[in-house]
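Visitor: Please pick one part of this model and take me through it closely. Start at the chain's beginning if that helps, and keep it brisk.

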Amino acid sequence: MLRDAKRAGIRVTAETCPHYLTFTAEEIPDGATQFKCCPPIREAANRENLWQGLVDGTIDLIVTDHSPCTAELKRPDFGLAWGGIAGLQVGLPAVWTQARQRGISLPQVVRWMAKHPADLVGLPTKGRIAVGADADLCAFAPDAEFTVAAGELHHRNPSAPTTAPA
C-alpha cells in the first residue's frame, strides 16, 4: 500500500525502529517482557521485508520510540508489563550491525537515522554535516564490538531487550 501510494504521488512517510530491524520473534524467549512493544517484534521474514523497504525507499526513516520504564514495570506477566523498548543509546550500533551484514553503507544509515528525520520535521540545521548546520556529532567506532548490558546503559532506568527479565 505504501509503495502504491508513493507511486501515485501521495505524500506519505513510513518509519521503523531499530528493534524491528534487529530482533526476530523466533529468537525471543517465551515470557521475555523486555521485548514487549507495539506492534510486536515479528518473524525474520518481516525483518527482511523492513530492510528491503528501507533500501527501495518504501520506508523513509529509522527512529526510536525510546520507551524507558523501571524494572518493576517490565513485570513477568505479559499482559501487565510495560510496552516499549528503551533503545536510544544502542540504536545506531544495533542498526549498523544489521545494515553492515546486508552491505548497506554507514552514510545510508546516517541518512535514515539523522537526515531524513530532521528533514521530515523541518529542521534544516540538524541531521547533516554542512556549512551552517549545527555541530551535533557523535564518535562512532564502526568496527567495535560490545555486548549490551543494562548496568552499563546511561538511561535513567537502564533496561535493554538483551538483558534478563527482572
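**Helix 5 and its surroundings**

Guide: Lys6 lies in helix 1, residues 2–7. Helices (H or I, at least four residues) and strands (E, at least two) are DSSP runs, numbered from the N terminus. The model is predicted, so local features need pLDDT of at least 70 and side-chain atom pairs pLDDT 80 or more, while totals for chains, interfaces and linings use all residues. Residues are numbered from 1 along each chain as its sequence is written, and side-chain values use heavy atoms, leaving out hydrogens and water.

Lys6 has 24% relative accessibility, so it counts as partly exposed. The classes are buried (under 20% relative accessible area), exposed (over 50%) and partly exposed (in between), with a 1.4 Å probe and protein chains only. Leaving aside residues up to four places away in sequence, Lys6 touches Val12, Gly57, Thr58 and Asp60. Contact means heavy atoms within 4.5 Å. From Lys6 to Val110 the sequence separation is 104 residues, and the C-alpha to C-alpha distance is 22 Å.

Now the part to examine: helix 5, residues 106–120. Helix 5 has 15 residues. From first C-alpha to last it reaches 20 Å, close to the expected 21 Å at 1.5 Å a residue. That expected span is 1.5 Å times one less than the number of residues. Helix 5 also carries a kink of about 40 degrees, centred on Trp112. The bend at a residue is the angle between axes fitted to the seven residues ending there and the seven starting there.

Trp112 is also one of the buried residues of helix 5. The others are Val109, Pro117 and Ala118. Their cover includes helix 3 (44–56), strand 2 (61–62) and helix 4 (91–101).

Take helix 4 from its own side. Its buried residues are Gly91, Pro93, Val95, Trp96, Gln98 and Ala99. They pack against helix 2 (18–22), helix 3, strand 2 and helix 5. After helix 4 comes Gly103, with a positive phi near 80 degrees.

Strand 1 (residues 15–16) holds Thr16. Thr16 counts as buried because its relative accessibility is 5%. Beyond four places in sequence, Thr16 touches Leu21, Leu50, Leu54, Ile59, Leu61, Ile62 and Val63.

Back to the end of helix 5. Leu120 lies in helix 5 and, at 36% relative accessibility, is partly exposed. Leu120 joins Val121 and Leu123 in a nonpolar surface patch of about 260 Å². Patch residues have over 30% relative accessible area and no salt bridge; like charges are joined within 9 Å, nonpolar side chains (Val, Leu, Ile, Met, Phe, Trp, Tyr) within 5 Å. Gly122 follows helix 5, and its phi is positive, near 75 degrees. Most residues other than glycine have a negative phi, and most peptide bonds are trans. Elsewhere, the bond from Cys38 to Pro39 is cis, with omega near 0 degrees. Pro39 sits in the loop between helix 2 and helix 3.

Next, charge pairs. Side chains of opposite charge can pair when their charged atoms come close. A salt bridge is a side-chain nitrogen of Lys or Arg within 4 Å of a carboxyl oxygen of Asp or Glu. The structure holds 10 of these salt bridges. In one, Asp143 pairs with Arg100, with the closest N and O atoms 2.4 Å apart. Asp143 is in the segment after helix 5 and Arg100 in helix 4, so this pair ties together parts 43 residues apart in sequence. Asp143 is exposed at 58% relative accessible area. Arg100 is partly exposed at 42% relative accessibility.

Lys126 meets Asp134 in a salt bridge of 2.9 Å, N to O. Lys126 is partly exposed, with a relative accessible area of 30%. Asp134 is partly exposed too, at 33%. Lys126 also meets Asp136, at 2.7 Å, N to O. That pair links distant parts of the chain, with Lys126 and Asp136 in the segment after helix 5, 10 residues apart. Another set, Arg47, Glu48 and Arg102, is joined into one network by salt bridges that share partners.

Terms used:
Accessible areas come from the Shrake-Rupley method with a 1.4 Å probe; for residues, only the protein chains shown count as cover.
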